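Trainee: Please pick one part of this model and go through it closely. I would like to know what is around that part and how it is placed in the chain.

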Amino acid sequence: MTTQTDIPTAETGGERRSWLREHSELGVCALLLALGVLVLTDALTMDVDIAQRGPVGPKTVPIVVGAGLLVIAALLAVDVLRGGRGQAEGGEDIDLSEPADWRTVLLLAGVFLGVAVLIEPLGFPVAGALLFWGAAFALGSRRIDRDPLIAAGLSLVTYTVFNNLLGVPLPGGPLMGVL
């Protein structure tokens, strides 16, 4: 014979949902944990063929970042389980009752995807200019006379700094001989 306490009620499910809602930050902990394990696994299985000088090699930074992610995940989980709660978004100049601006999000995503496709054939200076101009346009700037020039200048400066000063080779595209 079943008693009243053996029968599942809506309150039991409601309590579980309430506990999950109160501890929703544990989802962030799980994400950080998974990301940390992924970074550490990738770093530890990295095949390093280049000559390493000194104690700092190509595995060092990913191992430090992965370990940091694991520590942050553990500390956040402990804080959440002890009753810590994140601050609700205050939104200084954002009206939280308004829906998301999906047009801007989709325009930015399209710009990024377009640059990813065009960076090899056009090179970074041209693709970067399209990226900076497209991002400015998607975020609301409509200065057609000024924005392309600023985007081209910013792209050329970025290309020069990375390619010539930092030694990070970026595809030059058709402008390779000119720059």
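**Helix α5 and its surroundings**

Mentor: The buried residues of helix α5 are Phe124, Pro125, Ala127, Gly128, Ala129, Leu131, Gly134, Ala135 and Ala138. The model is a predicted one, and what follows should be read as a description of that model. Among the elements that cover the buried residues of α5 are α4 and α6, the latter formed by residues 147-165.

Start with the chain as a whole. The chain has six helices and zero strands, and read along the sequence its pattern is α-α-α-α-α-α. Of its 179 residues, 20% count as buried. Counting the contacts with a separation of 6 or more, 59% are between residues 24 or more positions apart. The exposed area of the chain is about 13300 Å², and 67% of that area comes from carbon and sulfur atoms.

Next, the length of α5 itself. The helix has 15 residues, which at 1.5 Å a residue should span 21 Å, because the expected span is 1.5 Å times one less than the number of residues. The C-alpha atoms at the two ends of α5 are 20 Å apart, and this agrees with the expected span.

Now the packing against α4. Two packed helices are described by the angle between their axes and by the distance between those axes. For α4 (residues 102-122) and α5 (residues 124-138), the angle is about 175° and the axes are 8 Å apart. An angle over 145 degrees counts as roughly antiparallel, so α4 is roughly antiparallel to α5. On the α4 side, the contact is made by Thr104, Leu107, Leu108, Val111, Phe112, Val115, Leu118, Ile119 and Leu122. On the α5 side, the contact is made by Phe124, Val126, Ala127, Leu130, Leu131, Gly134, Ala135 and Ala138. Sorted by class, the residues in this contact are 15 nonpolar, two polar and no charged.

Three residues of α4 give some detail on this packing. Valine 115 is found in α4 and has a relative accessible area of 12%, so valine 115 is buried, the cut-off being under 20%. Apart from its neighbours within four places in sequence, valine 115 is in contact with Ala127, Leu130 and Leu131. The C-alpha atoms of valine 115 and leucine 130 are 7.2 Å apart, with the two positions 15 residues apart in sequence numbering.

Threonine 104 also lies in α4. Threonine 104 is buried at a relative accessible area of 14%. With neighbours within four places in sequence left aside, threonine 104 is in contact with Ala138 and Leu139.

Leucine 106 is another residue of α4. With 58% relative accessibility, leucine 106 counts as exposed. From leucine 106 to alanine 138 the C-alpha separation is 8.7 Å, and the two are 32 residues apart along the chain.

On to α6, which is named among the cover of the buried residues of α5. Leucine 156 lies in α6, and with a relative accessible area of 36% leucine 156 is partly exposed. Leucine 156 and alanine 129 are 27 residues apart in sequence, and their C-alpha atoms are 8.0 Å apart. Alanine 129 is one of the buried residues of α5.

Finally, the stretch that follows α5. Glycine 140 comes just after α5 and takes a positive phi of about 115°. Isoleucine 144 has its place in the loop between α5 and α6. At a relative accessible area of 53%, isoleucine 144 is exposed. The C-alpha atoms of isoleucine 144 and tryptophan 133 are 9.4 Å apart, with eleven residues separating the two in sequence.

To put the part together: α5 packs with α4 at an angle of about 175°, the contact has no charged residues, and α4 and α6 are included in what covers the buried residues of α5.

Definitions and conventions. Residues are numbered from 1 along each chain as its sequence is written. This is a predicted model: local features need pLDDT of at least 70, side-chain atom pairs count only at pLDDT 80 or more; totals for chains, interfaces and linings use all residues. Side-chain values use heavy atoms; hydrogens and water are left out. Axes are lines fitted to C-alpha atoms, for helices over the stretch in contact, and angles run from 0 to 180 degrees between N-to-C directions. Helices (H or I, at least four residues) and strands (E, at least two) are DSSP runs, numbered from the N terminus. Angles under 35 degrees count as roughly parallel, over 145 as roughly antiparallel, 65 to 115 as roughly perpendicular and the rest as oblique. Contact means heavy atoms within 4.5 Å. Ala, Val, Leu, Ile, Met, Phe, Trp, Tyr, Cys and Pro count as nonpolar, Asp, Glu, Lys and Arg as charged, and the others, Gly among them, as polar. Buried means under 20% relative accessible area, exposed over 50%, partly exposed in between (1.4 Å probe, protein chains only). Accessible areas come from the Shrake-Rupley method with a 1.4 Å probe; for residues, only the protein chains shown count as cover.
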